Amino acid sequence: MISRREMLMQVGSMLGVAAIAPRALVQAQARSQGLTAVGNVLVSLTPAEAETLRAIIGRLIPADENGPGALEARADRFIDRALAGALKNLRPVYGAGLAAVDSYAQSSKGIAFAKLSVSDQDAVLAAMEQNQALGFTGGSAQFFNLLRTHTIQGTFSDPFYGGNENFIGWDLIGYPGARVAVSANLQRMDVKPESSRKSAYDYGMFNKAEV
């Protein structure tokens with residue numbers, strides 16, 4: 001399974017994409033469905049599904065000595081809201097996939113995924129990544145890759161979409177935040193740029209309600 005270090009290196013190389021959110025999610029549909037009010041109420045997933053998802057993303061990008069991870073960045077909230085908006089066509093895929101994760105965890109480890117030890121959770125995810133876990137439509141690797149992609153997006157995309165809480169993802173990769181102008185000081189190579197602590201949608205040039 002990909003390491004946290006490898007994950008951050010990949011994200012750093014995709015900074016221009018990750019900073020503003022994937023094209024599929026930068027849609028008027030998501031903006032017009034009230035997703036600006038990113039509270040903690042589930043809008044798509046069931047409580048059981050959300051529990052499984054949180055346990056998964058907590059292992060895909062775990063908190064460690066480098067800082068908080070996907071769970072702290074609320075990648076689960078990002079996914080939940082995306083499944084009610086721009087990614088609503090994937091809602092059945094998530095329902096079936098998360099159920100399959102728990103079913104495989106039960107059959108191979110004797111308990112639901114969220115209740116497993118960290119090492120057993122990693123073993124289940126490794127089996128999924130290698131397409132060895134049974135019970136998944138289209139193969140377990142397909143669902144694993146979907147989860148990993150959306151976890152990365154939820155951790156590092158613009159916080160407007162529900163993830164990257166408190167700019168955790170941007171802080172992890174050293175991205176200073178959205179700006180509409182770049183000063184001379186920000187272009188210096190010998191000084192780490194100060195974080196703007198702003199979403200792209202904090203600027204008036206981006207209309208959140210635009211259709």
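## The nonpolar core

In this predicted model, the largest nonpolar core comprises 49 residues, and those with the most contacts inside it are Y94, F113, M128 and F143. Two or more residues are given to this core by each of α4 (47-60), α5 (75-82), α6 (91-109), α7 (118-129), α8 (140-156) and α9 (168-173). In soluble globular proteins, nonpolar side chains tend to be buried together.

Of the core residues with the most contacts, Y94 is one, and once its neighbours within four places in sequence are set aside, Y94 is in contact with L53, I79, L83, F143, L146, L147 and H150. F143, which appears in that set of contacts, is itself listed with Y94 among the residues having the most contacts inside the core.

## Two enclosed helices, α4 and α5

Helix α4 has 14 residues and reaches 20 Å from its first C-alpha to its last, which is close to the 20 Å expected at 1.5 Å a residue. Because 10 of its 14 residues are buried, α4 is largely enclosed by the rest of the structure. The buried residues of α4 are E49, A50, T52, L53, A55, I56, I57, G58, R59 and L60, a list that holds charged residues, E49 and R59, as well as nonpolar ones such as L53 and I56.

Helix α5 is likewise largely enclosed by the rest of the structure, since 8 of its 8 residues are buried. These are A75, D76, R77, F78, I79, D80, R81 and A82, and what covers them includes α4, α6 and α8.

## F113 and the crossing of α6 and α7

F113, another of the residues with the most contacts inside the core, is found in the loop between α6 and α7. With a relative accessible area of 0%, F113 falls under the 20% limit and is therefore buried. Leaving out neighbours within four places in sequence, F113 is in contact with T52, A55, I56, V101, D102, A105, Q121, V124 and L125; of these, T52, A55 and I56 are among the buried residues of α4. The C-alpha atoms of F113 and L125 are separated by 9.8 Å, although the two residues lie 12 residues apart along the chain.

The helices on either side of this loop also meet directly: the axes of α6 and α7 come within 11 Å and cross at roughly 115°, with α6 passing α7 in a right-handed crossing. On the α6 side the contact is made by V101, Y104, A105, S108 and K109, and on the α7 side by D120, A123, V124, A127 and M128. M128 thus takes part in this helix contact and is also named with the residues having the most contacts inside the core.

## Serine residues in loops and in α7

S44 lies in the loop between α3 (28-32) and α4, and its relative accessible area of 17% places it under the 20% limit, so S44 counts as buried. Not counting residues up to four places away in sequence, S44 touches D80, L83, A84 and R91, and a polar contact of 3.1 Å joins the side chains of S44 and R91.

S157 is found in the loop between α8 and α9 and is buried, at 1% relative accessibility; the side chain of S157 reaches the backbone oxygen of Q153 at 2.6 Å. S119, by contrast, lies in helix α7, where its side chain makes a polar contact of 3.2 Å with the side chain of S117. S119 and R59 are 60 residues apart in sequence, and their C-alpha atoms are 9.7 Å apart in space.

Note on methods:
Residues are numbered from 1 along each chain as its sequence is written. This is a predicted model: local features need pLDDT of at least 70, side-chain atom pairs count only at pLDDT 80 or more; totals for chains, interfaces and linings use all residues. Side-chain values use heavy atoms; hydrogens and water are left out. A nonpolar core is a set of buried Ala, Val, Leu, Ile, Met, Phe, Trp, Tyr and Cys residues joined through side-chain atoms within 4.5 Å. Buried means under 20% relative accessible area, exposed over 50%, partly exposed in between (1.4 Å probe, protein chains only). Helices (H or I, at least four residues) and strands (E, at least two) are DSSP runs, numbered from the N terminus. Contact means heavy atoms within 4.5 Å. The expected span of a helix is 1.5 Å times one less than its number of residues. A polar contact is a pair of N or O atoms within 3.5 Å; within protein, one must be able to donate a hydrogen and the other to accept it, and residues adjacent in sequence count only if both atoms are side-chain atoms. Axes are lines fitted to C-alpha atoms, for helices over the stretch in contact, and angles run from 0 to 180 degrees between N-to-C directions. A crossing is left-handed if the near helix is turned anticlockwise from the far one by less than a right angle, and right-handed if clockwise.
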